[in-house]
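Reader: Could you walk me through this one while I have it open? I'd like to go from one residue outwards.
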2 protein chains.
Amino acid sequence: MKQSLKSLSDGITAPRGFAAAGVFCDIKRLGTGTGSNKGKKKDLAVLTSMVPATVAGLFTTNQVCAAPVKVSVVRAAQEIARAVVANSGNANACTGVQGLKDAETMTQMVAQQLGIPEREVLVCSTGRIGVLMPMDRVEEGIVAACQALKESPENAHDAAEAILTSDTKPKEVAVEFKLGKRKVRIAGMCKGAGMIQPGMSATGQRPAATPLHATMLCFLTTDAKVDSAFLKQALNEAVALSFNRITVDGDMSTNDSVIILANGLAGNKLIKAKGGSATERDQFQAALNHVTLKLARMIVQDGEGASHFVTVRVNGAVSNAEADLAARAVANSSLVKTSWCGGDPNWGRILDALGYSMATIVENQVDLGYSLPGSNKILWALKQGQPTSTSLASLKKIVKAYDFDLHIQLNQGKGSAIIYAADLTEAYVEFNKGE
Amino acid sequence: MKQSLKSLSDGITAPRGFAAAGVFCDIKRLGTGTGSNKGKKKDLAVLTSMVPATVAGLFTTNQVCAAPVKVSVVRAAQEIARAVVANSGNANACTGVQGLKDAETMTQMVAQQLGIPEREVLVCSTGRIGVLMPMDRVEEGIVAACQALKESPENAHDAAEAILTSDTKPKEVAVEFKLGKRKVRIAGMCKGAGMIQPGMSATGQRPAATPLHATMLCFLTTDAKVDSAFLKQALNEAVALSFNRITVDGDMSTNDSVIILANGLAGNKLIKAKGGSATERDQFQAALNHVTLKLARMIVQDGEGASHFVTVRVNGAVSNAEADLAARAVANSSLVKTSWCGGDPNWGRILDALGYSMATIVENQVDLGYSLPGSNKILWALKQGQPTSTSLASLKKIVKAYDFDLHIQLNQGKGSAIIYAADLTEAYVEFNKGE
């Protein structure tokens, strides 16, 4: 689907009728009061639509899921919502009954401040697992954020900063495109960095035989007028092609959440799941896919310690599900990831990982090659399982690039899958071993 | 099964009637001739029994399996074998038709030198994948090794050195115990270090629903008199409790092989799979289990870059298979492994990994604790999913130890599993990124 998308420099408040703010309230109890927030990374964000919006959300399928996920999964299943509160510094996961109460209290506080129903507020958290939320700080933060967005609604960049944890930079995308005669906008912000291999569903229930595997949070806004059924379906497709296709370290988080609010203020003709214009459905979907893929790639690029961005493309598998298993086995292999770190086209390790994956592989039928992004020229290292005459030096040239594509053709069927992956570096280990 | 096992300082030639040798033949083509092997790590070993021996073998279930595995899997299925040739420096994997010919030629060369049938010689390789064997060097090596063992049969330590790759030290175990009135010996040598998470079977076929996931090679000898059926069954049990329960980096190799030869020279009454003394079956099994577990633990302890040895004990799973899935999810999580590297009892990451495993977990029913090996005192960090009053400092004291046990009680059923795991360190990344 080709269409003209205009990039906007605004963040999450680019679509009409959204307000956002981000504040520092010392959720990690670093010892500095809420007041003196100069130079401190913001840690609490509130996002709201001026008018009721249709809502959709997808959440981690981890059996150990955080309290805010338990609250939001129910509220995202509704047709309508109005606001989201999100904090970094504490995941509110493995916090038992008190954690669940705290998550609900957070939505209650926002509801009170904004004068909207509690059940129309969703909540997300990210940070350390197993520590109770410092609710005194959280309350100060919510009051301050709601105050800030009432005074001046467009603090998108503050909000984008407040949700970050080990990320080195904020991640924001906003686009404008035409639906009929109306200009419509979709925007998003997200965070990632570690514990990244999302496998999200609308219910938090794991679909059978689905690959599983971040804390990543993503918030999307649009002023398009779309019904709840279509919004849920569109978000499903967009996430299946983006966030559920990335891996930094193969660990699926307890807190992964993607939430979208669509408030209809663009005034386009209602897009519905059934009936109406199929073209407009496709146009909205294509724009949403663009935004989510761009954000998902940013997460991998800013993965903890990551020094390479690799697009693993598996084709010719028995099924799409097997292609996915093959691609993830490669993208999550410690030996493959460390070879990428070294810029080493060690295809032996890749074949090894394919071989132990649960996908059907026949060694002497595998083709394996490398290309630079945007180039049509694939340098094949293996054809039918046998090394080609391609020189190691020319393969190295590609694999030493920051960003390259790995092409695996299994020649077993028509299944295909793409996984966007980071390498494994000393910096990752150093960061995560703590101390 | 309690029995008296005497440790012997000899290696693989401790049992009566075995001869072994290890030589340097420059398989990596470092440029030094076979002759001048002073100071060079040996790279080719030959092991043989003076008399025909019963044989059993277990091999990688990786769909991409090395040429020597393809040859040996067939020969280990026979009742009788006489010799094994093994090299380091080249895996002879992903080497196509020529690779298979080369593996067969290696067995032919040994057969010729030792004057035994070709089909009674097994072959194993370990090293770089995708490079053809330097057969001129290999031939020189085989001739030299066979000459060496004819001149002096007991060069166990040379053989143990010749099979090493990135290992920092040789791994040998030998024990003596009584079967009836006879003293019987079992000995073994192995190598490991990286690409370690074996999942081996006798046919190289993957059992359905089995966890999969090293190059490790292990050669075992015994002078016990056991029939082929019992030897195969006993090796299966021993490997299920040892090599198939370890993980360094979660990567299952193309070359994993465990081979045992039993030549009967101890003169004990034949131990058979069916009939005869059940006690003697149990005694042999217990001694074999002791040897394989000791060797398997040495592989993890000498894992690439490893700085901690962690025994993950999962109990209370729905089934043993689910316990295994849970234990492997924890033992292979990059975030859990890096936290071990840092000596950090980050149980949040452990719960996260349990949650995304395919085992059934109920967060508020999980108990999680730590102990020092050999101690009965478990310090519980979590009970019923909730942090206990145990201080972080006392947990850290255990997790900072080189060797500790992690206890996970799921409280869902009676399934249990143990996995022996290494941590993930900067040294692992540095070593494997190459260059």
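Reader: Which residues does Ile408(A) touch, leaving out those up to four places away in sequence?
Author: Taking contact as heavy atoms within 4.5 Å, Ile408(A) touches Val312(A), Arg313(A), Val314(A), Asn315(A), Val330(A), Ile350(A), Leu354(A), Val366(A), Asp367(A) and Leu368(A). This is a predicted model, in which local features need pLDDT of at least 70, side-chain atom pairs count only at pLDDT 80 or more, and totals for chains, interfaces and linings use all residues. Residues are numbered from 1 along each chain as written, chains are lettered from A in the order written, and side-chain values use heavy atoms, without hydrogens or water.
Reader: How do strands β12 and β16 of chain A run, and how many bridges join them?
Author: They run parallel, and seven bridges join β12 (residues 309–317) to β16 (residues 403–409) in chain A, where strands are DSSP runs of E with at least two residues, numbered from the N terminus. Within that pair, Arg313(A) stands opposite His407(A).
Reader: What's the strand order in the open sheet?
Author: In chain A it is β10-β17-β12-β16-β13-β14-β15, with mixed pairing, where two strands pair if DSSP finds at least two bridges between them. The edge strands, each pairing on one side only, are β10 (246–247) and β15 (386–387) of chain A.
Reader: Switching topic, what turn lays chain A on chain B?
Author: A turn of 180° with a shift of 0.0 Å along the axis does it, at an RMSD of 0.0 Å, superposing by least squares on C-alpha atoms of residues with pLDDT of at least 70 in both copies. That is the relation of a two-fold axis, and the chain A C-alpha nearest the axis belongs to Glu426(A), 2.4 Å away.

Note on methods: Helix = DSSP H or I, 4+ residues; strand = E, 2+ residues; numbered from the N terminus.
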